[in-house]
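Q: Could we go through this protein together? I would like the overall fold, then the interior, then a few residues.

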Amino acid sequence: MAQTKIIYCMHAVLAALEHHPENILTLFCQEKEESIRFKELLVKAKANALDIQTVSRVKLDKLTAASHHQGIAAKIRVKVALGEKDLIAWLDEPSKKPLLLILDGVQDPHNLGACLRSAEALGVDWVVVPKANSAPLNATVSKVACGADQILPVVEVANIVRFIKQIQDKGVWVVGTAAEAEIPLSRIDLKRHTAIVMGAEGKGIKRLTLESCDEIAKIPLQGTVSSLNVSVATGICLYECVRQRL
């Protein structure tokens, strides 16, 4: 039997509806919700012949375990998990100039969701996370990601260091990030096959992971604050990739 989960908020539900309507089992709508966005979402749901249930605010609060659900939630099938082999096979396809994002142990679901949102917006092809020591892809992640988790392929790997070696063998240049690095990210060629590695909150990239990277770069900071939130840093690094590629 397929696993299911609850997602909520307008952007997350709409992303699932637009990209994987076949995975939506039930749509839960709050009573007396009449906004234009809400009505547009219902039109799309009815066009896909979805099971739509009208529920009270109290029931929706309980269903989502949240009070900021924007009057909408959905029970969806969990996407079939992709693995290392799927990504490696994709790298073998011709005419690819991949941009991968490797998140080495981001454990806060809000940070993970924000990273996924930036990744989808800035053209990342795949996101890679470790099977252990990473936030689960839950409803909070989906809400903060505005549904990017429904669009982007996210791969869990057992060993980040081993995975990095595999993609390096496929011609991917792996760039780690660290505050103590000497080279600014803007001086590294990101137009080639690239994987950007971001570290966990506080601790940064693990030592063995950092040693596996081809280059280590930094975001030059001008103020007195010594570091950035991982999701903010991720957005800056990915935008530099876009800037160079454009």
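The exchange below concerns a predicted model.

Q: How many helices and strands are there in the protein?
A: The protein has nine helices and eleven strands.

Q: And what radius of gyration does it have for its 246 residues?
A: The protein has 19 Å, which agrees with a compact globule of 246 residues, because such a globule would have a radius of gyration near 18 Å. Along the principal axes, the C-alpha trace spans about 55 × 45 × 35 Å.

Q: How much of it is buried?
A: Of the 246 residues, 46% are buried. The area that the protein exposes is about 12600 Å², and carbon and sulfur atoms supply 52% of that.

Q: What share of the contacts comes from residues 24 or more positions apart?
A: They account for 81% of the contacts with a separation of 6 or more.

Q: Changing topic: how far apart are the mean positions of the positive and negative charges?
A: They are 2 Å apart, taken over 30 positive and 27 negative charges.

Q: Now the interior. Which residues touch the most other members of the largest nonpolar core?
A: They are L101, L103, L112, L116, V127, I196 and M198, in a core of 29 residues. Two or more residues come from each of β5 (99–104), α5 (109–121), β6 (126–130), β10 (194–199) and α9 (230–245).

Q: Which of these elements gives the most to this core?
A: That is α9, with five residues.

Q: What does V127 touch?
A: Leaving aside residues up to four places away in sequence, V127 touches L101, L103, L116, A119, L152, P153, V154 and V155. There is also a second, separate core of 20 residues, and V155 is one of its members, as are L91, L100 and V197.

Q: Which residues of helix α1 are buried?
A: In α1, which covers residues 10–19, the buried residues are M10, A12, V13, A15, A16 and L17. They pack against β1 (4–8), β2 (24–30), α2 (36–47), β4 (72–77) and α6 (139–144).

Q: Staying with β4, is K75 buried or partly exposed?
A: K75, which is found in strand β4, is partly exposed because its relative accessible area is 33%, and the range for that class lies between 20% and 50%.

Q: What does K75 touch?
A: Not counting residues up to four places away in sequence, K75 touches T4, K5, I6, N23, I24, L25, T26 and F28. The C-alpha atoms of K75 and I24 are separated by 6.1 Å, although these residues are 51 residues apart along the chain.

Notes:
Residues are numbered from 1 along each chain as its sequence is written. This is a predicted model: local features need pLDDT of at least 70, side-chain atom pairs count only at pLDDT 80 or more; totals for chains, interfaces and linings use all residues. Side-chain values use heavy atoms; hydrogens and water are left out. Helices (H or I, at least four residues) and strands (E, at least two) are DSSP runs, numbered from the N terminus. The radius of gyration is taken over C-alpha atoms; the globule rule is 2.2 Å times the number of residues to the power 0.38. Buried means under 20% relative accessible area, exposed over 50%, partly exposed in between (1.4 Å probe, protein chains only). Contact means heavy atoms within 4.5 Å. Accessible areas come from the Shrake-Rupley method with a 1.4 Å probe; for residues, only the protein chains shown count as cover. Lys and Arg count as positive and Asp and Glu as negative; His and the chain ends are not counted. The place of a charge is taken as NZ of Lys, CZ of Arg, CG of Asp or CD of Glu. A nonpolar core is a set of buried Ala, Val, Leu, Ile, Met, Phe, Trp, Tyr and Cys residues joined through side-chain atoms within 4.5 Å.
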